Amino acid sequence: MTSANAPLTAILFACWDSPDPMLQQLGLAPALMPLAGKPMVQRAIEQAVGLGCRRIELVLAGQMQAYELLLGDGERWGCALNYHYLPPASQPVQLLARLAPEADVLYWVVSADSVVTESVVPDGACVYCDDGQWSGWARLSGAQLGNVMHSARQREHFGQAVLALADTEQRAPQRALHSSSASSALNALQTLLADTAAMPTRPREPGIWIGNGSKIHPGAILQAPVWIGQNVLVREHAQIGPGSMLADGCVVDQGASVEQAIVLPGTYIGQGLHVNKALVKGNLIANLEHGVTIHIPDRAMLAQTQAPELATRATPWTQRLIAALLWLLFWPLAGWRHMLRQSASELARTGQDPHRLRYFNVRMVPSHAAIQAGVSGAWGAHFRTTFYPGLRDVAAGKLNLVGITPRTSEEIHALPLYWQRIYRRGRSGLFNETLLLGRAGASQEMCFIGDAIATEALSLGRLLLLLKRYFAAVWHE
Amino acid sequence: MKLIINPITATAIVVRFSKDNLDSSNVEAFREQIKASTDNCDALLLDMSELNFVDSSGLGALLATLRVMNAKNGQLRLFGMTRPVRALFELVRMHRIFLIFNTEEEALADLSAGEQADK
């Protein structure tokens, strides 16, 4: 399928919103639409790698975290995956400067919500189209890419610009899958379900795929073709299929029927409901037959099954009281106020670590990193710039006295999924137990255990012990 | 919630909604007002064209109205349903329980045809 001159780089655009109002109301990025166990962007990457690409440039307009968690660095596909952010207000030509394509080299230019297949791929520049519309894949030279990049704000304009290019062969793909609209996503699902070879796993019965951990009541009816993800619960007398997908974590209650539908992860479908030709996400249902998306407030009918990963606890009153007392105790040292202003302005210039998954007060980042690095004077700087000013936030209930250590996204991605959740929902704190262990004393595992402990309610005794160790560290410096 | 009531014959009336929602905030007012209509007619036509949102309490109130009309061998027809409400009815399978028409004329024609058949 690939030739010696096959492009080695693919540029995937996952920055385009869906033009379909139903998908917009569902709040679903087309490229992240899960179809039979894989989001479209993953299918697009695998297709590009199958065509010989070794480098993928992924262009995003948002949801960086979701894509990073899903795709990582591309190592599992044997390619290098680079992320590029195209903010809404920026000019696409700035993106072109970052990509720096070579004029005479061919690149795959792809809309990440589409996958096309063809048995024989031509050698030169080509554009795949269907009924005069761009199918989402094109093979262009760097010079041609430069000519169309000005239209990269919108998929439709970009497609028109690509089709208008001279010296490119226009071809119809053998098969094209799209998730740019609700109806195209449903059509794509039907196509995938009809092609057993395209599925990542073997069917349990012909046309029926059931993922690990799923429980199907013996009284439920499954009509092929049906895709059921992992940890799905289907209760008695429920009817699933034909042509339906239940993504991971869904629950279909007694007597409900799901036909020609995509049910997105973690959705509960209540008793007796009839879902037909629809996309369902939580308590939103996009009905393709009537062309509307409706919101169902009644949780007994439709709901999101997954609770928030960790409930964000309110700052305990003991911590708030202690923080208020400490703030008053150190208030007489008024000279620090000048140093605080100076330090805060210095820190504001340094900015935030772009790899941070969660937002923290900007003052915390450099001083914490300095302590970890063993920089001289770091404890004092932490007390002046982070701890003392932060006491007011703790007294106000906005922050914990002891909380989670900020970590880079790479560190967090390396963790098991359960641990990753700690960093998404746990509350941050002025300091953390692992800060007191220091770089020399703490292994990586101990540091993450310390963060997990910090998300639980600390006893008063332990809190006072940690404060004592913290002040001892500041005093000794 | 104020229902607009238009008698069309001696025993049939058309009821229109004055708000675009039938939910827990106004369902009690709907029940009180519709009771007067169900007590005084044999055929009730509900104009759903103003409604864009109905929640489970609204659905319950409509079902209760149907039960009342059925209990006295009366007729209930719904017409002019908007797409969101129609999608909701199909979701909860109530489109198989109620007689639903696109326009008032179709609902009246069905009513007349039913009366002719009874005779």
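Reader: Which residues form a nonpolar patch on the surface?

Author: In this predicted model, the patch is formed by A:Trp317, A:Leu321 and A:Leu325, which together have about 380 Å² of accessible area. One of these residues, A:Leu325, belongs to helix H8 of chain A, residues 317-330. A:Leu325 counts as exposed because its relative accessibility is 51%, and the cut-off for that class is over 50%.

Reader: Where does A:Ile422 lie, and is that residue buried or exposed?

Author: A:Ile422 is part of helix H13 of chain A, which covers residues 417-425. With a relative accessible area of 4%, A:Ile422 is buried. One may also relate this residue to another position in chain A. A:Ile294 is 128 residues away from A:Ile422 along the chain, and their C-alpha atoms are separated by 33 Å.

Reader: I should like to understand helices next. What span should the 18 residues of helix H11 of chain A have?

Author: The reasoning starts from a rise of 1.5 Å a residue, which gives an expected span of 26 Å for H11(A), residues 378-395. The C-alpha atoms at its ends are 24 Å apart, in agreement with that expectation.

Reader: Where is the kink in H11(A) centred?

Author: The kink is centred on A:Arg384 and amounts to about 35°. After H11(A) comes A:Gly397, which has a positive phi, near 85°.

Reader: How many of the residues of H11(A) are buried?

Author: The count is 13 of the 18 residues, so H11(A) is largely enclosed by the rest of the structure.

Reader: Let us turn to strands. How do the strands of a sheet pair?

Author: The general idea is that strands of a sheet pair through backbone hydrogen bonds, and the pairing is either parallel or antiparallel. Strand S8 of chain A, residues 126-130, serves as an example, and four of its five residues are buried, so that the strand is mostly covered.

Reader: Which strands are joined to S8(A), and do they run parallel or antiparallel?

Author: S8(A) and strand S9 of chain A, residues 133-141, run antiparallel and are joined by four bridges. S8(A) and strand S10 of chain A, residues 169-171, run parallel and are joined by three bridges. A:Val127 illustrates both pairings: it stands opposite A:Ala138 in S9(A), and its bridge partner in S10(A) is A:Gln170.

Reader: What lies between S8(A) and S9(A)?

Author: Two residues lie between these strands, which form a hairpin. In the turn, A:Asp131 has a positive phi of about 55°.

Reader: What is the order of the strands in the open sheet of five strands?

Author: The order is S13-S16-S19-S21-S25 in chain A, and the pairing is mixed. Strand S13 (215-216) and strand S25 (302-304) stand at the edges with a single partner strand each, so one side of each has no neighbour in the sheet. Within the sheet, strand S19 (residues 251-252) and strand S21 (residues 267-269) of chain A pair in the parallel sense over two bridges. A:Val252 stands opposite A:Ile269 in S21(A).

Reader: How many salt bridges does a search of the whole structure find?

Author: The search finds 11 over all chains. In one of them, A:Arg55 is paired with A:Glu57, and the closest N and O atoms are 2.5 Å apart. A:Arg55 counts as partly exposed at 34% relative accessibility, whereas A:Glu57 is buried, with a relative accessible area of 6%.

Reader: Which parts of chain A does the pair of A:Arg175 and A:Asp195 tie together?

Author: This salt bridge has its closest N and O atoms 2.9 Å apart. A:Arg175 lies in strand S11 (residues 175-178) and A:Asp195 in the loop between helix H7 (182-193) and strand S12 (208-210), so the pair ties together parts that are 20 residues apart in sequence. A:Arg175 is partly exposed at 22% relative accessibility, and A:Asp195 is partly exposed at 25%.

Reader: Which side chains of chain B meet in a salt bridge?

Author: Those of B:Lys35 and B:Asp39 do, at 3.2 Å from N to O. The two residues are separated by about one helical turn because they are four residues apart in helix H1 of chain B, residues 27-39. B:Lys35 counts as exposed at 51% relative accessibility, while B:Asp39 is partly exposed at 48%. In addition, a network of salt bridges links B:Arg16, B:Asp47 and B:Glu104.

Note on methods: Residues are numbered from 1 along each chain as its sequence is written. Chains are lettered from A and ligands numbered from 1 in the order in which they are written. This is a predicted model: local features need pLDDT of at least 70, side-chain atom pairs count only at pLDDT 80 or more; totals for chains, interfaces and linings use all residues. Side-chain values use heavy atoms; hydrogens and water are left out. The expected span of a helix is 1.5 Å times one less than its number of residues. The bend at a residue is the angle between axes fitted to the seven residues ending there and the seven starting there. Buried means under 20% relative accessible area, exposed over 50%, partly exposed in between (1.4 Å probe, protein chains only). Two strands pair if DSSP finds at least two bridges between them. A salt bridge is a side-chain nitrogen of Lys or Arg within 4 Å of a carboxyl oxygen of Asp or Glu. Patches are made of residues with over 30% relative accessible area and no salt bridge: like charges are joined within 9 Å, nonpolar side chains (Val, Leu, Ile, Met, Phe, Trp, Tyr) within 5 Å. Accessible areas come from the Shrake-Rupley method with a 1.4 Å probe; for residues, only the protein chains shown count as cover.
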